Amino acid sequence: MANRSEEAEYEIDSRRNQQDKSKAGVLDLLLKRPLRWLTMLIEELHWSFFFGVIVVYGVSQGLGKGLSKVSTQYYFKDEQKIQPSQAQIYVGLIQIPWIIKPLWGLLTDVVPVWGYRRRPYFIFAGLLAMISMMVLWLHTNLHLALGLSCLVAGSAGVAIADVTIDACVTQCSISHPTLAADMQSLCGLSSSIGSLVGFSLSGVLVHLIGAKGVYGLLGLTAGLVVVVGMVLKESPSRSLGRKHANEKFLDAGSAIWKTFQYGEVWRPCLFMLLSAAVSLHIHEGMFYWYTDSKDGPSFSKEAVGSIMSFGAIGSLVGILLYQNFLKNFPFRNVVFWALSLSVLSGFLDLILVLRINLKLGLPDYFFIVVDEFVSHMISRIKWLPLLVLSSKLCPAGMEGTFFALLMSIEHVGHLMSSWGGGVLLHSLKVTRKQFDNLWLAIVIRSLLRVIPIGLVFLIPNVDSNSTILPAEMLTNRRSEGVGTEKIEMTALIRDEA
């Protein structure tokens, strides 16, 4: 009997130890490991870089995107009372500042202001976004043209801040190549968490204070970008004379042209352009249908915001999947499978619009939430390897300009996609109250997503640990003779010769 009692106690202790280990494992996965990861990035890079990433990607882009997307959709629909095809075109116009990102990047790389090449651009970007949002908030009965101009100006402020922090991230990817994927994951996590918070609050805020009131809040959050410019520790450089500046512009053009001559560079750029262009956007048509009281589900503002918040959760899950399981796989393989899943997920909208989900007993809200989650998760998994790849295609000394150029190529594709979607909605006569042909627009959009699958051969078959450009293009001439000691983001800018 004593032996049995001892055996029972031993089994109980073993179970408790297993439970304790299981709890410790979950705690390590959910809390300790992320904290160690963040601490490592702060120590390897610098707190000012970390703060800049959180503010620009998390607040300016993530939170701002979540709040502005819903408010802009209702602003066009309820304040300006325009058709979905028009709204789709105007959404594309708002993205134009992102297409000319190379201009902002060239200025940050070549033209210092009072001896600084990053800080003044953060301050200018924050002030521009703040003023434009305040005009939208305070001005009553704003004409469509002026309202659209303010939205474009606000977008420009976010784009300038984005290209400036992109330059920091890209430069750090060159000096810390093993952390390139980790930095993109940090940027993506910040953006996704910010988007999640923004989308979660957007519907409630639009309902309580209106679309224009949300623009006022965005004006306040833009002030944090100004703070980034004030606290970022940057070594000043000597001001350039006009002749020297002109030489720098010529050198920049020469470096860009030389870099694009490499097949490893122009081929993935061509892929990003074509894959984005043929994936037509019909988001505005779907939004008008979501909120329609006759044919659609007639969702409230709060419901629309919560649906988009699940898209942000899906994006966050996609980042975690890539960071923990996919970042060491070849770029081409990850993009191929993500594109294949994207084709299938596109037809979920068709099931919804044809009301097949109701016949299957699936409520509209539940089905749309699953659709948003899955589509954003796949989109993020597809996009992250392209971001990491882009950071490895930038020559030293031209990080901001070249990364902005690569991103602008993708934004040109998205502009073509948005305008193409607007033309498609218009040609199929999808209006504010007419949605009979919306299903056909979904079919055409989903079938076009097959095309990029046949173009994945343009992506280099390498992983995030590989170096793509020749060694001489990764050595900044301005830093020759300075030494090879560890470069931290506290000294982002080296002194000009």
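## Why is it called that?

Modeller: Tyr290 and Phe299 are both buried. Bear in mind that this is a predicted model, where local features need pLDDT of at least 70 and side-chain atom pairs count only at pLDDT 80 or more, while totals for chains, interfaces and linings use all residues. Residues are numbered from 1 along each chain as its sequence is written, and side-chain values use heavy atoms, with hydrogens and water left out.

Colleague: OK, what makes Cys187 buried?

Modeller: Buried means under 20% relative accessible area, exposed means over 50%, and partly exposed is in between (1.4 Å probe, protein chains only). Cys187 has 5%, so it's called buried. Cys269 also gets that label, because its relative accessible area is 5%.

Colleague: And how many disulfides are there?

Modeller: Zero. A disulfide here is a pair of cysteine sulfur atoms within 2.5 Å.

Colleague: Back to rings. What makes Phe76 and Tyr90 a tilted pair?

Modeller: The structure holds nine aromatic pairs. In this one, the centres are 5.9 Å apart with 50° between the planes. Rings of Phe, Tyr and Trp (its six-membered ring) pair if their centres lie within 6.5 Å; planes under 30 degrees apart are stacked, over 60 edge-to-face, and the rest tilted, so 50° lands in that last group. Phe76 sits in helix 2 and Tyr90 in helix 3, 14 residues apart, so this pair links distant parts of the chain. Helices are DSSP runs of H or I with at least four residues, strands are E runs with at least two, and numbering starts at the N terminus. Both Phe76 and Tyr90 are buried.

Colleague: Why is Tyr290 with Phe299 called edge-to-face?

Modeller: Their planes meet at 65° and their centres are 6.2 Å apart, so that pair is edge-to-face.

Colleague: How do you know that the charged end of Arg267 sits over the ring of Trp266?

Modeller: That charged end is 5.6 Å from the ring centre. The rule wants NZ of Lys or CZ of Arg within 6 Å of the centre and within 35 degrees of the ring normal.

Colleague: What about Lys81: buried or exposed?

Modeller: Exposed, because its relative accessibility is 58%. Lys81 lies in the loop between helix 2 (47-79) and helix 3 (84-94), and its phi is near 55°, positive in a residue other than glycine. Most residues other than glycine have a negative phi.

Colleague: Last one: which residues does Met377 touch?

Modeller: Not counting residues up to four places away in sequence, Gly314, Ser315, Val317, Gly318 and Leu321; contact means heavy atoms within 4.5 Å. Met377 has 17% relative accessibility, so it counts as buried.
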